[in-house]
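The following paragraphs guide a first-year student through a structure step by step. Please keep the sequence and the 3D view at hand while reading.

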Amino acid sequence: MKKGFLSIILHAHLPYVRHPEHKRFLEEQWFYETVTETYFPLIKTLRSLIQERIDFRITLSLSPTLLSMMADPLLQDRCLRHLDRLIELAEKEIDRTSRDERFHRLAVMYRERFVEARRIFCVECGQNLLTAFKELEKSGSVELMTCAATHGYLPLMAIHREAVRAQVRVAVETHERYLGSRPNGIWLPECGYYPGVDEILKKEGLKYFIVDTHGVLYATPRPKYGVFWPVQCSSGVAVFGRDPETSKSVWSAEEGYPGDFNYREFYRDIGFDLDYDYLRPYLNGDGSRLNTGIKYYRITGKTDHKELYVPEAAGAKAADHAGNFMFNREKQIEYLHGLTGETPLVVAPYDAELFGHWWFEGPEWLGHLFRKIQFDQNTFETVTPSGYLAHHGRLQTVTPCASSWGYKGYSEVWLNGSNDWVYRHLHKAAERMIACARSIPHAEGGLKRALDQMARELLLSQASDWAFMMKTGAHSAYAVKRTRDHLERFTALWDQVQKKSIDTRALESIESMDNIFPDIDYRVYAS
Amino acid sequence: MARDPWWLFAYWEVTERRQEEILRAIRRERLEPDKTVMRVYELAGPGREDRFFDIEISVMADNWYLEVGLPGRRWVVELGVRTRGGRFFAWVRSNEVMTPRYGISDEIDAEWSFPEDIFLKIFKAAGAWDGFQKSSNLTVSSS
């Protein structure tokens, strides 16, 4: 009899970035980078575990924007071209480093990784990564959850219930469209919860969501088991609270595993280190330098002095750290079991993009962890939230605390001097959308298409990514432009709908540019 | 909108027509307009009546962060003009919002209860006194 459970949840999300109007576009690169550095390595790790018949459970939330990008033929083709360019660059690197074995073998390592990624992408997935995720889910070891349609931050949208509902409903429909079944759980964007959102989730058939630690700890009444047992809202939707200890051991810049000096240094990329003319064919469309993904150094220490990366040493560290993580869970779960007499659950959610992209050895660590949990201990087992709910009894009913997992725990990241100007426009657009859906319940033809496109533009403008980027300053000009572009397109269409005169040519152009959610029906905004 | 347990954010757009309408109403009563203020109402809760306080704001502003300082309370804000004698004439009224809770609840469901020392140990294991996000300390409060 196990004394408790561990639930690892990876949240995978990127904003919808697709620019058919440009041949190569800087922000589109995010998708190709994370596909190459996170999603391929994760798929590879999870597949190996399944082939080795390791009994493990993991949960992935795949945001609807990410699913839509994975399914998009233009981005699929461009992703393949990206991989081809990387392979070519790695081959040039093999040549360039041929006289220095220490670099040379790393260049070979990268080429092998890229070639394998290309093989998985083309041969095994038919250029569609969703095939791989569906197959993982079918194994029974992986649970796929959804997220809000465009990762809208729901607490700051709550003034319009229909807008929140549209984010949730379109998410569930998109998940079903691309993955073939309706999800049980939803990752609330940024863990942004407010009391009442659970009623909307319930109506869309969702059974659970995740909140940050204080979302459960500060619940009313006091949660008997803290964050170590799920609770439920009065709607009956279950709530899982994030465990801070597991969070710190992976996230923390100071104490977290990814900061180990043996691990690969993210910030020393050949894209910034090597000769410009040599790199030119592999840089951004505008000629600016970028992270190519080929990095030869390890973190080494806290100064700029960096030493060469040694994959064997990093691999050994990843195994050590997996052992340490497992040991700490054993102790934690034994303690909680002794204290409560119950089987506690430790919920450990992370951004998927941390694994592989930022923490190069992350996917390997995950593989070691699941193997060790199976063979090296008997205290706990891994579980998905749905698996846990299916085998455990009644939950305590509480009202969780409005919260997020952002800095300071509430809404300040998405509501501050850098981004607060967006809300008056987002709210106005939502108000107009809802009014249109109410007053035109049976639109057809061009009018329906215009209204559907308005829904797409509104959803795209609501992505929490834009407010976040405005706050951090990185790519903030792009974030401002995206917010403005979608709102302007929305308003132009709204104007045409008011005048009952649709500019079909302009509409077609917008439809082909912002082509997300092909089946959307604007009536999702009707009350 | 509630930004966190202590702060609200409000934005607005008031037409000149509405402002003139209110000005006329003030003058009809032979009063003199003085300041543009936000009247912040804390709505009644168990054992509490509605109460309010005013924040003077710049005439030019079209948004404002309001420090209300109380987690777990319901709020409505009106924006308008206060006269020299202290009468308030509202231009616009906000939606109702609630500041998030902060701190561990004192409300305990008898069916889901432990002795206090066990509760404390569980909450300690959940990092309740380590301060989350390194920005604040947790307190036990009844709010």
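In chain A, 50% of the 527 residues are buried; a residue is called buried if 20 or more other C-beta atoms, placed from the backbone, lie within 10 Å of its own. The structure is a predicted model, in which local features need pLDDT of at least 70 and side-chain atom pairs count only at pLDDT 80 or more, while totals for chains, interfaces and linings use all residues. Residues are numbered from 1 along each chain as its sequence is written, and chains are lettered from A in the order in which they are written.

The overall form of chain A may be considered next. Its C-alpha trace spans about 70 × 65 × 45 Å along the principal axes. The radius of gyration of chain A, taken over C-alpha atoms, is 23 Å, which agrees with the value near 24 Å for a compact globule of 527 residues; that rule is 2.2 Å times the number of residues to the power 0.38.

Which residues touch the most other members of the largest nonpolar core? Among them are Leu154(A), Ile186(A) and Phe228(A), in a core of 168 residues. Such a core is a set of buried Ala, Val, Leu, Ile, Met, Phe, Trp, Tyr and Cys residues joined through C-beta atoms within 7 Å.

Phe228(A) also leads to the other chain. Leaving aside residues up to four places away in sequence, Phe228(A) touches Leu336(A), Pro344(A), Leu345(A) and Val346(A), as well as Ile122(B) and Ala126(B); contact requires C-beta atoms, placed from the backbone, within 7 Å.

Chain B is divided into domain 1 (7-98) and domain 2 (103-143), with bounds from an automatic or database domain assignment. The centres of these two domains, taken over C-alpha atoms, are 36 Å apart.

How values were computed: A residue is buried if 20 or more other C-beta atoms lie within 10 Å of its own, exposed if 12 or fewer, and partly exposed in between; C-beta atoms are placed from the backbone. Two residues are in contact if their C-beta atoms, placed from the backbone, lie within 7 Å.
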